[in-house]
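I wanted to sit down with this one and go through how its parts pack together. Here are my notes, in the order I looked things up.

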Amino acid sequence: QKMPPSLPATINIREPRWDQSTFQGRAKHFFMVTDPRNLLLSGATLEEARRVVEDYRAGTVQPGLTEDQLWRAKYIYDSAFHPDTGEKMILVGRMSAQVPMNMTITGCMLTFYRTTPAVLFWQWVNQSFNAVVNYTNRSGDAPITPSQLGTAYVSATTGAVVTALGLKSLTKHLPAIIGRYVPFAAVAAANCINIPLMRQRELKVGIPVTDENGNRVGESTAAAQKAIFQVVVSRIGMAAPAMAIPPVIMNMLEKRAFLKRYPYLNAPLQVGLVGLCLVFATPLCCALFPQKSSMPVSSLEPEVQDQIRKKDPWLETVYFNKGL
């Protein structure tokens with residue numbers, strides 16, 4: 001029996017499989033990255049994927065390895081290990097946990113929005129989860145201190161809860177359907193607070209910027225600002241369909257005899273509707289901007305420009321991991 005031909009060591013697995021300059025290519029990539037089935041993979045499977053990827057990057061091709069197997073290993077590796085630090089990410093902080101975690105939390109936020117204790121509890125749960133996700137998917141490899149982490153978490157959670165309660169009191173005398181959108185407004189506002197706070201170190205000291213070959217040429221706070229802005233927009237977009245469409249459907253269903261007869265189906269129905277929206281919204285909104293973002297050297301801070309000019313006078317564009 002003939003052995004399959006050995007795989008060439010020239011496939012660039014540092015980049016995604018599909019063209020990231022197109023939305024379609026980025027969407028295919030993120031459908032793989034956010035696939036919830038990745039959460040079910042064993043530690044041994046993750047370590048095997050890491051070994052295949054690291055060996056291949058070092059120029060060692062395992063006998064009999066096919067291109068499809070290599071890409072599968074790369075996506076398993078990417079789903080569990082941080083792109084800058086290489087460390088294994090916290091399970092609930094991984095992008096593959098976004099759909100199951102968010103559908104549960106968002107479904108409960110949309111179901112239990114009528115009482116103040118419920119608003120407080122579910123906004124706290126949501127921001128605690130977001131804090132874990134934002135820390136896990138930060139850009140760069142610089143450590144963040146426990147005190148910075150604590151300050152960011154408390155500030156973001158307080159901001160979300162205050163926003164939710166403030167909006168809830170404003171909508172008391174408005175139609176019921178308006179009240180249903182309070183959780184979305186609070187989540188959108190909280191994302192604008194939580195993400196910059198959890199990634200404040202990047203805004204202070206910058207994130208690594210590289211040339212197109214991945215060679216590090218400096219750290220830039222301007223790149224960090226662009227990265228965080230793009231992530232905030234993506235996250236709000238991700239939440240929008242899941243928090244905008246189910247309330248309309250649930251508002252209609254609650255007027256029917258079926259839900260009046262079986263009110264306990266309210267929460268499972270809401271969670272299911274949110275999950276259906278998130279399966280598509282999560283990868284498609286992650287794909288709004290390239291993961292490997294870029295900006296002209298002329299848009300960086302003057303001191304970083306000078307530093308780059310000394311290293312490479314002809315470099316016009318730098319690249320950076322925007323985080324997720």
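My entries below cover the domains and then three helix pairs.

**Entry 1: domains.** I kept in mind that this is a predicted model. I looked up the split of the chain and got domain 1 at 23–88 and domain 2 at 93–321. The C-alpha centres of the two domains are 25 Å apart. For their contact I noted 20 residues from domain 1 and 24 residues from domain 2. I also looked up the area buried between domain 1 and domain 2, and it comes to about 1800 Å². Carbon and sulfur atoms give 65% of that area.

**Entry 2: α6 and α8.** Next I pulled up helix α6 (residues 146–170) and helix α8 (residues 182–198). Their axes come within 8 Å and cross at roughly 160 degrees. Angles over 145 degrees count as roughly antiparallel, so α6 and α8 get that label. I wrote down the crossing of α6 past α8 as right-handed. On the α6 side the contact includes L149, A152, A156, G159, A160 and K168. On the α8 side I found, among others, V182, A185, A186, A189, A190 and I193. Sorted by class, the residues in this contact are 15 nonpolar, 4 polar and 1 charged.

**Entry 3: α8 and α10.** I stayed with α8 and asked what it does with helix α10 (residues 221–253). The two pack at an angle of about 160 degrees, with axes 10 Å apart. That angle makes α8 roughly antiparallel to α10. The crossing of α8 and α10 is right-handed. From α8 I listed P183, F184, V187, A188, N191, C192, I195 and P196. They meet I228, V231, V232, R235, I236, A239, A240 and M243 in α10. By class I have 14 nonpolar, 1 polar and 1 charged for the contact of α8 with α10.

**Entry 4: α4 and α12.** Which residues of α4 meet α12? Before listing them I checked the geometry: helix α4 (residues 98–111) and helix α12 (residues 266–286) have axes 8 Å apart and pack at about 135 degrees. That makes α4 oblique to α12. I noted a right-handed crossing for α4 and α12. The α4 residues are Q98, V99, N102, M103, T104, T106, G107, C108, L110 and T111. Their partners in α12 include N266, A267, Q270, V271, V274 and G275. I counted up the classes for α4 with α12 as 9 nonpolar, 10 polar and no charged residues.

Conventions: Residues numbered from 1 in each chain as written. Predicted model: local features only at pLDDT ≥ 70, side-chain atom pairs only at ≥ 80, totals over all residues. Heavy atoms only, no water. Axes fitted to C-alpha atoms, helices over the stretch in contact; angles between N-to-C directions. Helix = DSSP H or I, 4+ residues; strand = E, 2+ residues; numbered from the N terminus. Parallel < 35°, antiparallel > 145°, perpendicular 65-115°, else oblique. Left-handed = near helix turned anticlockwise from the far one by under 90°. Contact = heavy atoms within 4.5 Å. Nonpolar A, V, L, I, M, F, W, Y, C, P; charged D, E, K, R; others polar. Domains from an automatic or database assignment. Buried area = accessible area lost by both parts, 1.4 Å probe.
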